[in-house]
Each structure stands twice: as C-alpha cells, then as structure tokens.
Amino acid sequence: MNIDWAALGTVFGVSLVATVALVGLFTLGIAGLSRQPETAEPGGRSGGSLMLARAGAYVCFGLCAAAVAYGIYLIVA
C-alpha cells in the first residue's frame, strides 16, 4: 500500500481553509443579525447602519449556502 502524502496534505489544507472560511462567514452573519439598533438621536437617522449590517448578514448566509450547495454538487457529480 502506497500513500500519496502530498495529495493527502493538499486535501487536509484545502479542507481546513474551507472550514475556517465557512465558519467565519456564518459567524459574520450571526454578528450582523445580532446588532441592536442604536438609540435614536433627535433629528438623526439610526436605521442605516442596522439595515447595512442585516444586508451583510444575508450576503454571508447566502455565500454559506452557495458553498454548501457546491460541496454537495461535487460529491454527487
């Protein structure tokens, strides 16, 4: 039995990077959704940064879903 250590190391490295990236994206999404609205100042706009954080969270979740779907596609195909 002959083990190709270079290929095994490549698979390990790619898996590690992909896992860290996916968990990081999901964490950013959770952090974006957990933002609380700031107290409204008289005459000020308080919803802009909250809406931007929520939109960024949805983008992060969309990228996570795309990565998972691509992984399933690679396994099935």
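A residue counts here as buried when its relative accessible area is under 20%, as exposed when that figure is over 50%, and as partly exposed in between. By that yardstick, this predicted model doesn't hide much: of the 77 residues in the chain, just 9% come out as buried. The chain exposes about 6200 Å², and carbon and sulfur atoms supply 73% of that area.

The fold itself is quick to describe, with 2 helices and 0 strands in the chain. Helix α2 runs over residues 48–76, which makes 29 residues. From its first C-alpha to its last, α2 reaches 42 Å, close to the 42 Å expected at 1.5 Å a residue. The buried residues in α2 are Leu50, Ala53, Ala57, Cys60 and Cys64. Their spacing is the sort of thing helix geometry leads one to look for: an α-helix has 3.6 residues a turn, so residues three or four places apart point the same way. As for what sits over these positions, the cover on the buried residues of α2 includes α1, residues 5–33.

Other positions on α2 fare differently in terms of cover. Leucine 52 also belongs to α2, yet its relative accessible area is 65%, so it counts as exposed, the cut-off being over 50%. The C-alpha of leucine 52 lies 8.6 Å from that of glycine 32, a residue 20 positions away along the chain. Alanine 67, another α2 residue, falls in the middle category: with a relative accessible area of 38%, it is partly exposed. Its C-alpha is separated by 9.0 Å from that of alanine 18, although the two are 49 residues apart along the chain.

Alanine 67 and alanine 18 turn up again in the lining of the largest pocket, which has a volume of about 180 Å³. Alongside these two alanines, the lining takes in Thr10, Val11, Val14, Ser15, Thr19, Ala21, Leu22 and Val23. Helix α1 provides the largest share of this lining, with 9 residues, while Ala67 is a lining residue that is found in α2. Sorted by class, the pocket lining is made up of 7 nonpolar and 3 polar residues, with no charged ones.

How values were computed
Residues numbered from 1 in each chain as written. Predicted model: local features only at pLDDT ≥ 70, side-chain atom pairs only at ≥ 80, totals over all residues. Heavy atoms only, no water. Helix = DSSP H or I, 4+ residues; strand = E, 2+ residues; numbered from the N terminus. Expected span 1.5 Å × (residues − 1). Buried < 20%, exposed > 50% of the residue type's maximum accessible area, 1.4 Å probe, protein only. Contact = heavy atoms within 4.5 Å. Areas by Shrake-Rupley, 256 points an atom, 1.4 Å probe, with all protein chains shown as cover. 1 Å grid on protein atoms, 1.4 Å probe; cavity = no way out; pocket = protein on both sides within 12 Å on 5 of 7 lines; lining within 4 Å. Points joined across faces, edges and corners; volume = space filled by probe spheres on them. Nonpolar A, V, L, I, M, F, W, Y, C, P; charged D, E, K, R; others polar.
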